[in-house]
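This note is addressed to a colleague who has not yet examined the structure. Please keep the sequence and the 3D view at hand while reading.

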Amino acid sequence: FTVFALSLYVGGVKTGKRVKLKGSDTELLDKCARATYKYFEDMRSANTLVCDNYQFEPMQGCNKMTSPTNLGMGLLSHVCAAKLGYIDDGKACELIAGDIETLRKLPKWRGHLYNWYDVKDCSVKQPRFVSGVDSGNFLACCICVSSYLDSLGRRSAELDEIILNHDLGAIYDASLGQFYIGYNCDTDKYEGHYDMLASEARTLAYIGACLGGDTAAWNNLGRRIVNSYGNMLISWGGTAFEYLMPQLFFPSIDRSMITLSCKRAVKVIERNKCGGLFGVSESGYYEFNDTMSYKYSQFGISSLALKADADRCIIAPYASALALEYAPRRVVANLGRIIKEGAFGEYGFCEAIDYTAGGEIVKSYMSHHQGMILASITNSLKDNCIQKLFYDNPLMAGGRLMLEERMPEHRNMAKPKADFVYK
């Protein structure tokens, strides 16, 4: 508790300043954000649940499932739209209230949402699984939305109840001081552990520490260092997602281990181009399953990874958008080139361009990737407002010292694996 209380009263932590974009750059980002929010307006069932994805060629329509991360991003999308001026605060509050009402009714396990629901009848899809990282993503979005409502004088006791009812101890392994990957309710078995700081799991570990007052899960995340543009954390899969998604919510603190790792990871991502574009990360790709839906895989850069699963030349626009904080002008230029390649439609950026398949466009939209694009652009255009909303919550602000951890100063001699050479 002392760590959190002290952090609340220690001011003057230096955070990075965003590069000011020129008018044409902000216009392009605004165009992208407007189209992306339209996705969240249109891709909802009658009970407000956002579907997992929408595939328009070959036409599959709106997938009938959804996940906690999708639901969190759907909730946060209203805040983004209000901050960007697409809807007013009154409309945002109305839409948020409708989402909260549905969320309250969903079946849960010890306060956690299940990994998959049917968007039509809100039933739980089999197997009944609770994902730790999905709970972390959902909670981060809810915390931002709660702060937004507070700022308008419209505190939602129902949303606060949803947040506080998450029994994070139920997915925590006290014997190892780590969160489980998840819990299978049907087999009554826990699965694996999260053990990397350079991963999306740090969102869960951070929120767990702030809500529970125990930093063990954060402290026990692995900090393996390699030298690439200087010392940096290595990830499991070498994806932009692992390094950058949590930074939608966390501020970039100068010279911290996480900030330096993200900046250097972005440099590696920029270096690994396909078709003259950058943005390799997990995504859909141009192969189909038995139902003619696009397949999905974790595409990473081997020099950033302990284990990269697939060497395929895939460019996912969301991966580029996530890097806006670290290379804004180059990211905007990259996004502009993606648009010129034809990977932009009614609802914003298409899922991916598959250069291994000859530059075929993966003509679908995935809700969690759409949410990352919208939140990242909102941070970029509106002075990191999503990050600020997260830290307007006193408990989240109280854990800030965890983010200030410095990179070891001595030069690490461990060299990363070679980059993939894309054919």
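The numbered points below go from the whole chain to single elements and residues.

1. Overall dimensions. The model is predicted. Its chain has 423 residues and a radius of gyration of 20 Å, which agrees with the value near 22 Å for a compact globule, so the chain as a whole fits that description. Along the principal axes, the C-alpha trace spans about 55 × 50 × 50 Å.

2. Secondary structure and contacts. The chain holds 15 helices and 19 strands. When contacts between residues at least 6 apart in sequence are considered, 73% of them join residues at least 24 apart.

3. Burial, surface and charge. Of the 423 residues, 60% count as buried. The exposed area of the chain is about 16800 Å², and carbon and sulfur atoms supply 51% of it. There are 47 positive and 47 negative side chains, and the centres of these two sets lie 7 Å apart.

4. Helix α5. This helix covers residues 132-151, 20 in number, and its first and last C-alpha atoms are 29 Å apart, close to the 28 Å expected. It is mostly covered, with 18 of its 20 residues buried. Asp150 belongs to α5; this residue counts as partly exposed because its relative accessibility is 32%, which lies between the limits of 20% and 50%. The C-alpha of Asp150 is separated by 44 Å from that of Tyr286, a residue 136 places away along the chain. Just after α5, Gly153 has a positive phi of about 75 degrees.

5. Helix α12. Residues 328-340 form this helix of 13 residues, which reaches 18 Å between its end C-alpha atoms, close to the 18 Å expected. Which residues of α12 are buried? They are Pro328, Val331, Val332, Asn334, Leu335, Gly336, Ile338 and Ile339. In an α-helix, residues three or four places apart point the same way, because there are 3.6 residues a turn. The buried residues of α12 pack against several elements, including α2 (23-42), α11 (317-322) and β18 (352-354). Strands β15 (314-315), β16 (344-345) and β17 (348-349) are also among these partners. After α12 comes Gly342, with a positive phi near 95 degrees.

6. Gly359. This glycine is placed in the loop between β18 and β19 (360-366). Its relative accessibility is 26%, and it is therefore classed as partly exposed. Leaving aside residues up to four places away in sequence, Gly359 touches Ile353 and Asp354. Its C-alpha lies 34 Å from that of Cys141, with 218 residues of separation along the chain.

7. Cis peptide bonds. Most peptide bonds are trans. The bond from Glu57 to Pro58 is cis, with omega near -10 degrees, and Pro58 lies in the loop between β1 (53-57) and β2 (59-62). The bond from Gln126 to Pro127 is also cis, with omega near -5 degrees. Pro127 is in the loop between β6 (117-118) and β7 (129-131).

8. Positive phi outside glycine. Asp188 has a positive phi near 55 degrees and sits in the loop between β9 (178-184) and β10 (189-193). Phi of Asn384 is likewise positive, near 55 degrees, and this residue lies in the loop between α13 (367-381) and α14 (385-391). Are these residues buried or exposed? Asp188 counts as exposed because its relative accessibility is 54%, whereas Asn384 is buried, with a relative accessible area of 11%.

Terms used: Residues are numbered from 1 along each chain as its sequence is written. This is a predicted model: local features need pLDDT of at least 70, side-chain atom pairs count only at pLDDT 80 or more; totals for chains, interfaces and linings use all residues. Side-chain values use heavy atoms; hydrogens and water are left out. Helices (H or I, at least four residues) and strands (E, at least two) are DSSP runs, numbered from the N terminus. The expected span of a helix is 1.5 Å times one less than its number of residues. Buried means under 20% relative accessible area, exposed over 50%, partly exposed in between (1.4 Å probe, protein chains only). The radius of gyration is taken over C-alpha atoms; the globule rule is 2.2 Å times the number of residues to the power 0.38. Contact means heavy atoms within 4.5 Å. Accessible areas come from the Shrake-Rupley method with a 1.4 Å probe; for residues, only the protein chains shown count as cover. Lys and Arg count as positive and Asp and Glu as negative; His and the chain ends are not counted. The place of a charge is taken as NZ of Lys, CZ of Arg, CG of Asp or CD of Glu.
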